[in-house]
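Me: I am new to this structure and would like a close look at a single part of it. Please take one helix, and then set it against the rest of the chain.

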Amino acid sequence: MLVISHSNVAVDEAIRRIYKKIWEPGTPKNFKYKPGSILRYGYPKMPDVRNNEELTSFNLVLRKYPELKKQKEELEQQRFIIKKQRLNDPELAKVSKELTVLKRRIKELESQFLQDAKLVATSLAKATIDSCIYDSHFDVVLLDEVSMAYIPQAFYAASLAKKHIIYIGDFRQLAPIALSDDEKVKKWLKRDVFEQAKIKEGVDERRYHPLMVMLDVQRRMHPKISGFVSYHIYHGLLNDDPAMAQKTEDIKKSTPMLGENLSLINVRLFPAFCYKDSSGSRYNPFTALVSLYLALQALPSKTSKQLEEDSPIGIITPYSTQSRLVRSMIRDVFREENLSKLPIFAATVHQFQGSEKDIIIFDCVDNYPQERPGVLLTSDNLEQATRLINVAVSRARGKFVAITNRSYWKSKINNDKILSVLLRYLEEKGRQYASYDLENYLLKPLELKHALQFYSKGNYKEHFIYDLRNARGSIYMDIPEGTLVDTSWLKYLQDVQKRGVQLKIRAGKPADLPSPLNHYAELKYFVPAPLIIIDQEIIWYGQPLVKKDKVEYFVSVRFKGKRTAQMLTTLLGTGSGVGLGFNEFIGSNEKCPNCGRPLRIVENPKNRKLLLGCTGYPKCNYIFPYIPVDLVNKYLTTTQKV
């Protein structure tokens, strides 16, 4: 038998369940299991599959041939030492070549084990390019998560089968991905095998294809979670296994949101502003931090065994940039390079298909000041939004938490859109956290409070001033339009500047800032949220406190992490421009010819080119269309920055 799927996670989940089923008490012994009978071939993502000595073909070879394992470890250690000590390239090339030869030998042995196995599981991509698979034929081929497979891939899977091909999937889950609008692409790459066989059309009309078997009993979700999926996605056709409520009771009783299966985190009155990166993908630092906070709350209730087997907590987001931002935060908290070793799994909805978690935190991301929500959660094209929401919700076993600005969606999409339906369902069947209740919830300290902590308006100052006073290299600030609530920290900022700490400020309205800040600020038309990054490691989101429309709860978040600080710096474009100190030089030496006020760097919002503008804006609208080369040369000569 061959089990294949679009994603490695789905393959891992399948092979893990099969492996566990064999050892369950009461399992018939008509299947004689021995190491090598069931093999995972390829690159497992799940730790318990990857680390199993007899379940993966690679590990089985090293177990059977310990001399190869020893040789591999010695060569890898040599390569590590050479790279670390930066020794000559010929030696590195020699070791790398020996490793390549060794890996080729290991693969030959893997191929032999695959021929003797009763069941092989691998990804659809590997089955397509690896001769160990495509040169073989199997009695039975099972293609799982087939809704994400291109129709040609589904046909290819059938070509590997001698007797039976079984397609397992759901046409109400994520469809194949293709960007072109060419008619042939639409026909062959944007539809799945269910549409090709007219099964989807038949089910919609209550006509059932003779080759279709409907799996109408779910054994994953608590009934409160499956209730939404069954009624609003499958028109009541999906039923619960009677034991599901009891099986997921322990998850319900765990943190976060103790005793709740369904929760809605409404960030309407908080500084949860949404940004777009250069590719148009969206991110929201505040909801990312809230998502991480909730996930960290859940960890103490999980045993070390659970964490070793698989990440029991998932953070799902529609946008790739937001998922990368959350992953950088998780890595910073646990100081771990390897994503597969992290106890919290964060990814886009597409990356989650085929997996399941005890707890799912769904971060919607979209919010003001974006005028329109992204198409991922709103598009009717190919039922895209319905499929995405279905996958996001149905990944959760016992607890589903959504984070969003409820008012934003009420004003942006119709009530019949699937996201609106989901949010109403969470309000009716679960518990909503908003305003004062949410503020109090977020202020509870974590065990990992050195990495992440929320502060109220009344208790942030001591910690904030401590970080400012201890700055060693640089301080970057984003200050949106509005009124500074507190300016008592300005004197500490001036003190660190005297010690040579570099200061860079971008402001929505520089002229309104106090003079110590006004001198350093450059005009930035899109500064939605207050943000400070100190020494490229300490992040304060919500500081300095600025009174703005749509924000009533002055919550600040402190996060410590170099990866996250670097990513935010890149996303925000804080490295652009001529450099730290140039604005100060311009302000001291160049005056507006109209009103005599100092000039500063201004960014054109249309093409992001740098201009010179008056600090008296909007009273004075003077703009010089570029930064003169002579001015740059004068700055470099004067400051000796060459």
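Which residues of α19 are buried?

Reply: The model is predicted, and every value below is computed from it.

The buried residues of α19 are A385, R387, L388, I389, N390, V391, A392, V393 and S394. Helix α19 covers residues 384-394, and 9 of its 11 residues are buried, which leaves the helix mostly covered. The list includes nonpolar residues such as L388, I389 and V391, but also R387, which belongs to the charged class, and N390 and S394, which belong to the polar class.

Two of these residues can be followed further. R387 lies in helix α19. R387 has a relative accessible area of 4%, and because buried means under 20%, R387 counts as buried. Along the chain, R387 and D170 are 217 residues apart, yet their C-alpha atoms are separated by 9.5 Å.

S394 is also in helix α19. The relative accessibility of S394 is 4%, so S394 counts as buried too. Leaving aside neighbours within four places in sequence, S394 is in contact with Q173, R220, M221 and V229. S394 can also be paired with S230: the two are 164 residues apart along the chain, and their C-alpha atoms are separated by 10.0 Å.

Now for the chain around the helix. The chain has 28 helices and 27 strands. Its radius of gyration is 28 Å, close to the 26 Å that the globule rule gives for 642 residues, so the chain is as compact as a globular protein of that length. The C-alpha trace spans about 90 × 65 × 50 Å along its principal axes. Buried residues make up 53% of the 642 residues. Among contacts with a separation of 6 or more, 70% are between residues 24 or more positions apart; the contact of S394 with Q173 is one between residues distant in numbering. The accessible surface comes to about 30800 Å², and 50% of it belongs to carbon and sulfur atoms.

For a contrast with the buried residues of α19, take E590. E590 sits in the loop between α27 (582-589) and β25 (599-603). Its relative accessibility is 23%, so E590 counts as partly exposed. Not counting residues up to four places away in sequence, E590 touches R597, P598, L599, L631 and K634. E590 and E439 are 151 residues apart along the chain, and 46 Å separates their C-alpha atoms.

The backbone has some points to note as well. Most residues other than glycine have a negative phi, and most peptide bonds are trans. Two cis bonds and two positive phi values can be set beside that background. A cis peptide bond joins T255 and P256, with omega about 0°, and P256 is in the loop between α14 (249-252) and β8 (262-266). The bond from Q543 to P544 is also cis, with omega near -5°; P544 is in the loop between β22 (538-541) and β23 (546-547).

The positive phi values belong to E145 and H235. E145, which is not a glycine, has a phi of about 50°. E145 is in the loop between β4 (138-144) and α8 (151-159), and at 14% relative accessibility E145 counts as buried. H235 has a phi near 55° and is found in the loop between α12 (223-232) and β7 (239-240).

Last comes open space in the model. The second largest pocket holds about 1300 Å³. Of the 45 residues that line this pocket, the closest to its centre are N8, Y43, P44, K45 and R50. The elements that give two or more residues to the lining are α1 (8-22), α2 (47-50), α3 (57-64), α5 (89-116), α17 (320-334), β12 (344-348) and α18 (349-352). By class, the lining residues divide into 18 nonpolar, 14 polar and 13 charged.

To return to the part you asked about, α19 is mostly covered, and both R387 and S394 are among its buried residues.

Conventions. Residues numbered from 1 in each chain as written. Predicted model: local features only at pLDDT ≥ 70, side-chain atom pairs only at ≥ 80, totals over all residues. Heavy atoms only, no water. 1 Å grid on protein atoms, 1.4 Å probe; cavity = no way out; pocket = protein on both sides within 12 Å on 5 of 7 lines; lining within 4 Å. Points joined across faces, edges and corners; volume = space filled by probe spheres on them. Helix = DSSP H or I, 4+ residues; strand = E, 2+ residues; numbered from the N terminus. Rg over C-alpha atoms; globule rule 2.2 N^0.38 Å. Buried < 20%, exposed > 50% of the residue type's maximum accessible area, 1.4 Å probe, protein only. Contact = heavy atoms within 4.5 Å. Areas by Shrake-Rupley, 256 points an atom, 1.4 Å probe, with all protein chains shown as cover.
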